[in-house]
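Hi,

Here's the structure I said I'd pass on. Have a look at it first, and my notes follow underneath.

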Amino acid sequence: MKKNYLLLFLFVLFASSAFSQISKTHYIPALTSDSGNAQITEAFIYISTPSVDNVNYTIQEIGGAVVADDVINNTNPIRYTVPGSGTTQLVASRNSIGNVINNRGYIITADCPIYVSVRYNVPNQAGAFTSKGAAGLGARFRTAMYPNGTLFTAVQAGDFLSYVSILATKNNTKIRATLPNANAATEILVGGVEVNYTGPIEIDLDENESYIIGVESASSNPANNRFALFGALIESIDSSGNNNPDNPIIVNVGSANGKIGTNSSQRDQGIDQLVPIERVGYEYIFVRGNGTDDVENIIIVADVDGTEVYLKDNSTATETLNAGDFMII
């Protein structure tokens with residue numbers, strides 16, 4: 001029985017990450033949203049610790065100042081309110097997508113391990129994710145987000161936006177993003193304008209610079225735009241194009257105003273901070289939530305060719321996936 005490594009994504013209504021990671025350093029890359037109904041109106045950073053003793057922490061704006069420098073303990077967590085709405089220190093504008101960003105996001109540090117999560121509100125929606133801390137650092141990632149419909153039926157609207165946000169932690173970091181489920185008709189955002197995807201995206205970043213890859217799923221876009229970022233291979237590479245673990249990156253994936261299922265009136269925020277391939281397992285247990293059948297879905301992405309997917313105790317593979325292929329259960 002062949003069991004290659006899988007990436008699995010589970011997004012539910014009012015989605016949040018369930019993978020908590022305690023660490024002394026947490027990186028929060030920039031989020032983004034559409035300029036219409038999916039703008040983020042308020043956002044918060046929550047910091048906690050299991051320590052009974054006081055723990056010193058700081059919240060540093062990327063490209064800005066230290067905005068918090070205090071102590072917490074296990075009975076006194078803190079909630080930091082991100083100033084403003086729309087485009088903020090946490091949220092890059094739609095027009096920033098496809099450009100190098102050097103003044104968005106946060107770095108949270110502490111002298112003992114802490115938990116960090118981000119929660120935010122959008123009109124009639126909400127989103128949340130937990131920082132993976134040091135476990136989120138890596139050089140090879142695979143992505144997925146809301147499918148904006150089902151596997152076979154697209155639901156498209158002018159304010160659906162899917163994105164991958166990449167943050168460098170060292171100078172001279174070269175990023176390569178390969179989109180196996182995109183084609184010549186796929187349109188990606190660059191500076192607020194849609195352009196055709198022509199092959200792997202390569203960009204050079206210095207420490208704390210970020211880059212967002214985004215696609216919209218509007219009625220005027222190709223229907224396959226909604227899967228263009230599924231199974232994307234995001235890598236930190238050296239000058240020869242080889243994987244470069246010496247320059248680790250952090251990767252967030254998100255859907256602003258996206259959806260699972262065919263009810264066009266039901267939309268939500270889906271976001272997570274990924275862990276790199278070397279931290280991804282091959283056996284998972286999923287627990288159904290209290291949603292409808294078209295919402296309670298599991299997205300599986302393969303990282304290598306010939307990945308066999310087994311459900312329950314079946315001895316026969318349900319599907320065999322190649323690198324970047326995905327399935328929705």
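Val193 counts as partly exposed, because its relative accessibility is 49% and that class sits between the 20% limit for buried and the 50% limit for exposed. Keep in mind that this is a predicted model. Val193 belongs to strand 16, which covers residues 193-196. Together with Val190 and Val195, Val193 makes a nonpolar patch of about 200 Å² on the surface.

Asn148 is another story, so which is it, buried or exposed? Asn148 is buried, as its relative accessible area is 1%. You'll find Asn148 in the loop that links strand 12 to strand 13 (161-168). Not counting neighbours within four places in sequence, Asn148 is in contact with Thr153, Ala154, Val155, Phe160, Ser162, Ser217, Arg226, Gly258 and Lys259.

Strand 12 also turns up in a sheet. The sheet is open and has four strands, in the order 12-19-14-17, with antiparallel pairing. Why do strand 12 and strand 17 each have one side without a neighbour in the sheet? Strand 12 (140-142) and strand 17 (201-205) are at the edges and have a single partner strand each, so one side of each stays free of a neighbour there. On average, neighbouring strands in this sheet are turned by 20 degrees against each other, direction ignored.

The partner of strand 12 is strand 19 (residues 233-237), and the two pair in the antiparallel sense over three bridges. If you want to find that spot on screen, look for Arg142, whose bridge partner in strand 19 is Leu233.

Cheers

Key: Residues are numbered from 1 along each chain as its sequence is written. This is a predicted model: local features need pLDDT of at least 70, side-chain atom pairs count only at pLDDT 80 or more; totals for chains, interfaces and linings use all residues. Side-chain values use heavy atoms; hydrogens and water are left out. Two strands pair if DSSP finds at least two bridges between them. Axes are lines fitted to C-alpha atoms, for helices over the stretch in contact, and angles run from 0 to 180 degrees between N-to-C directions. Patches are made of residues with over 30% relative accessible area and no salt bridge: like charges are joined within 9 Å, nonpolar side chains (Val, Leu, Ile, Met, Phe, Trp, Tyr) within 5 Å. Accessible areas come from the Shrake-Rupley method with a 1.4 Å probe; for residues, only the protein chains shown count as cover. A salt bridge is a side-chain nitrogen of Lys or Arg within 4 Å of a carboxyl oxygen of Asp or Glu. Buried means under 20% relative accessible area, exposed over 50%, partly exposed in between (1.4 Å probe, protein chains only). Contact means heavy atoms within 4.5 Å.
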